[in-house]
Every structure is written in C-alpha cells, then in structure tokens.
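Visitor: I have a model open and some questions about its strands, its helices and its empty spaces. Can we walk through them one at a time?

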Amino acid sequence: MPESRPRVRKAVIPAAGLGTRFLPATKATPKEMLPVVDKPAIQYVVEEAVAAGLDDVLMITGRNKRPLEDHFDRNYELESALEKKGDAERLAKVQESSDLATMHYVRQGDPRGLGHAVLCAAPHVGDEPFAVLLGDDLIDPRDPLLKRMIEVQEQHGGSVVALMEVAPEQIHLYGCAEVGQRTDGPLRVSGLVEKPAPGTAPSNLAVIGRYVLAPEIFEVLRRTPPGRGGEIQLTDALRELATDPAIGGPVHAVVFDGRRYDTGDRGDYLRAVVHLACDHPDLGKEFRDWLTEFVTTEHTA
C-alpha cells in the first residue's frame with residue numbers, strides 16, 4: 001500500500017430507519033435492538049467492525065433511537081448490582097458492549113435515504129476512506145468479509161462494494177452491479193443500478209450492506225438528486241464513481257459466498273435467530289436437539 005494513502009480507521013453504521021416491517025414490536029424499541037439470541041442485532045455489527053480493526057464507530061440515528069446509545073454506554077447501577085452478587089460472568093457480558101469501541105452518534109434528522117445518511121458522516125470521517133455497515137445484514141464472524149474489503153481498498157484505492165449472487169428473479173429487489181471480466185485482481189465495477197426493473201438487470205450480482213468508500217463520495221452525494229423512492233441513493237453516487245474513476249478512484253467488488261443473515265425481513269430475522277442459536281457455544285447443542293425433535297414430531301403432527 002502506498003505510504004501516502006490513508007488507512008481505513010472509521011466505521012459508519014446507519015441506524016435511523018423506523019423498522020415499520022416489525023411493528024408493533026418496534027413501536028417503542030428500535031429495530032436494531034431486537035435480540036438475536038442473546039445480543040441485540042446492532043451489537044453483532046459493531047463487533048464485526050471492531051474485528052476488522054475499526055474501533056472508531058459513528059452511528060447515524062434518528063428519533064426514538066436513544067436505547068442504542070444506552071446499550072453501548074456504561075450502566076453503573078446494573079454493574080454494581082451484579083458485582084455485589086458476585087456474578088462475574090453476567091457483569092463481563094454487560095461491560096462488553098460498552099468496551100467494544102469508541103462510539104459516536106449523529107442524528108440524520110430528515111430521513112432522505114441511505115445516501116443522505118452516509119452524507120451525515122462527512123464531518124466525522126473527514127478526508128479519509130471509511131467503512132459503512134448496514135445493520136440489516138449480519139455477516140457471520142467466521143467469514144471476515146469486511147477485512148477482505150479493507151485489504152482491497154488499501155491495495156487499489158477508491159471504493160469497494162460487497163456483492164452476492166442471487167437468483168435472477170430476485171435481483172430486482174437489490175442494487176445490482178455491472179462488472180468487468182474476472183482477472184487475477186478484484187472485480188472492477190463498471191456500473192450500478194438500484195432495484196432494476198425485471199429483465200433489465202446487467203447481472204445477478206446484488207449489492208449487500210457492506211461498503212468501503214473513498215471520501216470523494218461525500219462530494220458526489222451532495223450533488224446527487226433523489227432517485228428511486230424519492231430518496232438520495234448511495235447506489236447512484238457509487239455509479240458516478242464507477243463510471244468516472246477520475247473523481248475518486250475506481251470501484252472494486254468483493255463477491256461474498258459466506259454466511260449472511262438478513263434481519264430486515266421478519267422471516268429472515270427468525271431464520272437468523274435459528275442459525276445463530278444452533279451455533280451458539282452455550283445453547284447450541286440443546287437447541288439443535290429440541291429443534292430436531294420439534295421438526296420431526298410435533299410440527300409434523
């Protein structure tokens with residue numbers, strides 16, 4: 001990596017969404033705080049950033065998101081009660097979230113799309129590359145996607161997006177990437193389209209919720225008009241970078257074929273809980289035994 005190229009040090013996590021698909025559960029509880037086994041979904045995302053070497057985390061929040069800040073803050077009353085009980089195991093779990101990273105928060109205010117949420121990070125990020133992690137996508141810690149993306153960015157500059165192959169009939173639900181021919185290096189992105197109309201997608205490579213972005217993305221976002229859904233789309237700004245690398249370097253892609261859990265959909269959220277519960281070091285065996293019995297006997301009956 002050239003010595004003059006700044007390293008990726010900061011992570012941005014947009015978390016201002018209303019979580020309407022999970023109502024009424026999210027009426028008073030942010031969707032990011034819904035539990036996945038024994039941790040809120042958002043903690044998995046912060047842990048992923050930290051595991052990739054990013055311990056400076058900016059969360060883009062909105063109204064009614066105070067529980068996010070409270071979760072990553074100290075709870076002295078609870079810690080004191082656990083300490084008096086001599087419950088060292090639970091005390092360590094409570095303190096873990098507050099010791100993970102240096103957390104910062106900024107409110108998005110007017111929810112004008114993912115591109116606008118990322119733009120809210122500009123004062124904190126400054127003139128250096130940074131990672132964006134969407135909280136609806138949980139990436140299994142055994143598949144270090146973000147670390148690989150950071151390596152690609154540090155080797156080649158510009159921006160990096162994460163792609164995943166999906167069934168052609170599903171691609172219209174995602175941002176979609178047009179890529180060049182595979183070579184010895186990472187894939188080069190030549191175009192992007194947000195939720196293409198059925199039959200018009202340039203590939204079946206869907207953009208998933210991990211990005212490593214060049215700081216030039218902020219200037220592009222400032223002039224990006226509202227797109228699909230009347231919102232400022234990050235995909236539109238990345239398309240400009242991909243088609244004109246002189247602005248902020250090329251856009252490369254890492255194709256991910258590992259374990260990804262989508263918590264933005266009710267059915268996929270439940271499947272994510274089951275997947276992670278089956279692999280849980282304390283609960284896994286007992287839960288798998290129960291699940292096997294349930295599927296083969298009670299549920300069948």
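Guide: Gladly. Keep in mind that this is a predicted model. A good place to begin is strand 12, which pairs with strand 10 in the antiparallel sense over 2 bridges.

Visitor: In that pairing, which residue of strand 12 stands opposite Leu187?

Guide: Strand 10 covers residues 187–194, and strand 12 covers 251–255. The two pair in the antiparallel sense. Opposite Leu187 stands Ala253.

Visitor: Strand 8 also joins strand 12. Do the two run parallel or antiparallel?

Guide: There are 5 bridges between strand 8 and strand 12. One position to look at is Ala162, with Val254 of strand 12 opposite. The two strands run parallel.

Visitor: How many residues of strand 12 are buried?

Guide: Buried means under 20% relative accessible area. By that cut-off strand 12 is mostly covered. The count is 4 of its 5 residues.

Visitor: Now strand 11. How many of its residues are buried?

Guide: Strand 11 spans residues 205–213. The strand is mostly covered. Its buried count is 9 of 9 residues.

Visitor: How many bridges join strand 8 to strand 11?

Guide: Take Leu163 as a marker: Val207 in strand 11 stands opposite. Strand 8 and strand 11 run antiparallel. They are joined by 5 bridges.

Visitor: Strand 6 meets strand 11 too. Which residue of strand 11 is the bridge partner of Leu133?

Guide: Strand 6 holds residues 130–133. Its 4 bridges to strand 11 are antiparallel. The partner of Leu133 is Arg210.

Visitor: And strand 9: which residue of strand 11 stands opposite Cys176?

Guide: Strand 9, residues 175–179, pairs with strand 11 over 2 bridges. The sense is antiparallel. Facing Cys176 is Ala206.

Visitor: Let's pick one residue in strand 8. Is Ser159 buried or exposed?

Guide: Ser159 sits in strand 8. Its relative accessible area is 0%. The cut-off for buried is under 20%. Ser159 is therefore buried.

Visitor: Which residue has its backbone nitrogen 2.9 Å from a polar side-chain atom of Ser159?

Guide: Start with the contacts beyond four places in sequence. They include Val212, Leu213, Ala214 and His252. Leu238 and Leu241 also touch Ser159. The backbone nitrogen at 2.9 Å belongs to Ala214.

Visitor: What about helix 9? Which of its residues are buried?

Guide: Helix 9 runs over residues 234–243 and is mostly covered, with 7 of its 10 residues buried. The cover includes helix 5, helix 8 and strands 8, 10, 11 and 12. The buried residues are Leu234, Thr235, Asp236, Ala237, Leu238, Leu241 and Ala242.

Visitor: Over to strand 5. Is Met103 buried or exposed?

Guide: Met103 is found in strand 5, residues 102–107. Beyond four places in sequence, Met103 is in contact with Val46, Val57, Met59 and Phe72. Its relative accessible area is 16%, and so Met103 is buried.

Visitor: How far apart in space are Met103 and Ala11?

Guide: In sequence, 92 residues separate Met103 from Ala11. In space, taken C-alpha to C-alpha, the distance is 9.8 Å.

Visitor: Next, the second largest pocket. Which element gives the largest share of its lining?

Guide: The space in this pocket is about 490 Å³. Of its 24 lining residues, the closest to the centre are Tyr44, Glu47, Ile139, Asp140 and Pro141. Helix 1, strand 7 and helix 7 each give two or more residues to the lining. The largest share, 5 residues, comes from helix 1.

Visitor: How many residues of that lining are charged?

Guide: Sort the lining of the second largest pocket by class. Nonpolar residues number 13, and there is 1 polar residue. The charged residues number 10.

Visitor: Last, the enclosed space. What is the volume of the largest cavity?

Guide: A search of the whole structure finds 1 cavity of 30 Å³ or more. Residues lining the largest cavity include Phe22, Lys31, Glu32, Asp136 and Tyr269. By class, that lining has 5 nonpolar, 2 polar and 3 charged residues. The volume is about 90 Å³.

Conventions: Residues are numbered from 1 along each chain as its sequence is written. This is a predicted model: local features need pLDDT of at least 70, side-chain atom pairs count only at pLDDT 80 or more; totals for chains, interfaces and linings use all residues. Side-chain values use heavy atoms; hydrogens and water are left out. Buried means under 20% relative accessible area, exposed over 50%, partly exposed in between (1.4 Å probe, protein chains only). Contact means heavy atoms within 4.5 Å. Two strands pair if DSSP finds at least two bridges between them. On a 1 Å grid over the protein atoms alone, a cavity is a set of points where a 1.4 Å probe fits but cannot get out, and a pocket is an open set with protein on both sides within 12 Å along at least five of seven lines; lining residues have an atom within 4 Å of a point. Grid points are joined across faces, edges and corners, and a volume is the space filled by probe spheres set on the points. Ala, Val, Leu, Ile, Met, Phe, Trp, Tyr, Cys and Pro count as nonpolar, Asp, Glu, Lys and Arg as charged, and the others, Gly among them, as polar. A polar contact is a pair of N or O atoms within 3.5 Å; within protein, one must be able to donate a hydrogen and the other to accept it, and residues adjacent in sequence count only if both atoms are side-chain atoms.
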